[in-house]
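This briefing is intended to be read alongside the sequence and the coordinates. The points are grouped by topic.

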Amino acid sequence: MSKNELISKIEALNEWENIIAEAQAEAEALRDSIKEEMLERETEEMVVGAYIIRWTSVLSNRFDTTAFKKLYGDLYKAFTKQTSSRRFSISC
């Protein structure tokens, strides 16, 4: 692949990523608008036509690795394993 072809592909990729970011922002704005309506109606579930909209509170338990590392640093190190991955990036 030539240098010009690579530049063309990078520019096309940048355009598509911008389109995706704009679409995601628009989707998030629509989502927020629906949530706002649900807040106004003080409901966690709505039936709208063929759709059921739910916006519910969810509780979950997560392991606090920072606190564990502070209290049990050696044990944390004993159970930590190194992984390898590849990162793709393009910068100007």
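In this predicted model, Glu37 is partly exposed, because its relative accessibility of 31% falls between the 20% and 50% limits. Glu37 forms a salt bridge with Arg41, the closest N and O atoms being 2.6 Å apart. The structure holds three salt bridges, and these are taken up before the helix, the hairpin, the aromatic cluster and the nonpolar patch.

**Salt bridges**

- Glu37 and Arg41 are four residues apart in helix 1, so about one helical turn separates them.
- Arg41 has a relative accessible area of 53% and is therefore exposed, the limit being over 50%.
- A salt bridge also joins the side chains of Arg31 and Glu28, at 2.7 Å from N to O.
- Both Arg31 and Glu28 belong to helix 1, where three residues, about one turn of the helix, set them apart.
- Arg31 counts as partly exposed at 42% relative accessibility, and Glu28 also counts as partly exposed, at 33%.
- The side chains of Glu45 and Arg54 meet in a further salt bridge, with an N to O distance of 3.0 Å.
- Glu45 is partly exposed, with a relative accessible area of 43%, whereas Arg54, at 54% relative accessibility, counts as exposed.
- In general, side chains of opposite charge can pair when their charged atoms come close.

**Helix 1**

- Helix 1 comprises residues 3-41, and Arg31 lies within it.
- The helix has 39 residues and reaches 57 Å from its first C-alpha to its last, close to the 57 Å expected at 1.5 Å a residue.
- Just after helix 1, Glu42 adopts a positive phi of about 50 degrees.
- Arg31 and Ser60 are 29 residues apart in sequence, and their C-alpha atoms are 23 Å apart in space.

**Hairpin of strand 1 and strand 2**

- Strand 1 (residues 45-48) pairs with strand 2 (residues 51-54) in the antiparallel sense, over four bridges.
- Val47 stands opposite Ile52 in strand 2.
- The bridge partner of Val48 in strand 2 is Tyr51.
- The hairpin has two residues between its strands, and Gly49 takes a positive phi near 60 degrees there.
- Glu45 and Arg54, which share a salt bridge, fall within the residue ranges of strand 1 and strand 2 respectively.

**Aromatic cluster**

- The structure holds two aromatic pairs.
- In the pair of Phe63 and Phe68, the ring centres are 5.3 Å apart and the planes stand at 55 degrees, so the pair is tilted.
- In the pair of Phe68 and Tyr72, the ring centres are 5.2 Å apart and the planes stand at 45 degrees, so this pair is also tilted.
- Both angles lie in the tilted range because they are neither under 30 degrees, as stacked planes would be, nor over 60, as edge-to-face planes would be.
- Ring pairs link Phe63, Phe68 and Tyr72 into a cluster.
- Phe63 counts as exposed at 59% relative accessibility.
- Phe68, which takes part in the pair with Phe63 and in the pair with Tyr72, is partly exposed, with a relative accessible area of 22%.
- Tyr72 counts as partly exposed at 45% relative accessibility.

**Nonpolar surface patch**

- Met1, Leu6, Ile10, Leu13, Phe88 and Ile90 make a nonpolar surface patch of about 600 Å².
- Leu13, one of these residues, is found in helix 1.
- The relative accessible area of Leu13 is 31%, and the residue is therefore partly exposed; this value also meets the requirement of over 30% for a patch residue.

Note on methods
Residues numbered from 1 in each chain as written. Predicted model: local features only at pLDDT ≥ 70, side-chain atom pairs only at ≥ 80, totals over all residues. Heavy atoms only, no water. Pairing = 2+ DSSP bridges. Phe/Tyr/Trp six-rings, centres within 6.5 Å; stacked < 30°, edge-to-face > 60°. Buried < 20%, exposed > 50% of the residue type's maximum accessible area, 1.4 Å probe, protein only. Patch = residues over 30% accessible without salt bridge, like charges linked within 9 Å, V, L, I, M, F, W, Y side chains within 5 Å. Areas by Shrake-Rupley, 256 points an atom, 1.4 Å probe, with all protein chains shown as cover. Salt bridge = Lys/Arg side-chain N within 4 Å of Asp/Glu carboxyl O. Expected span 1.5 Å × (residues − 1).
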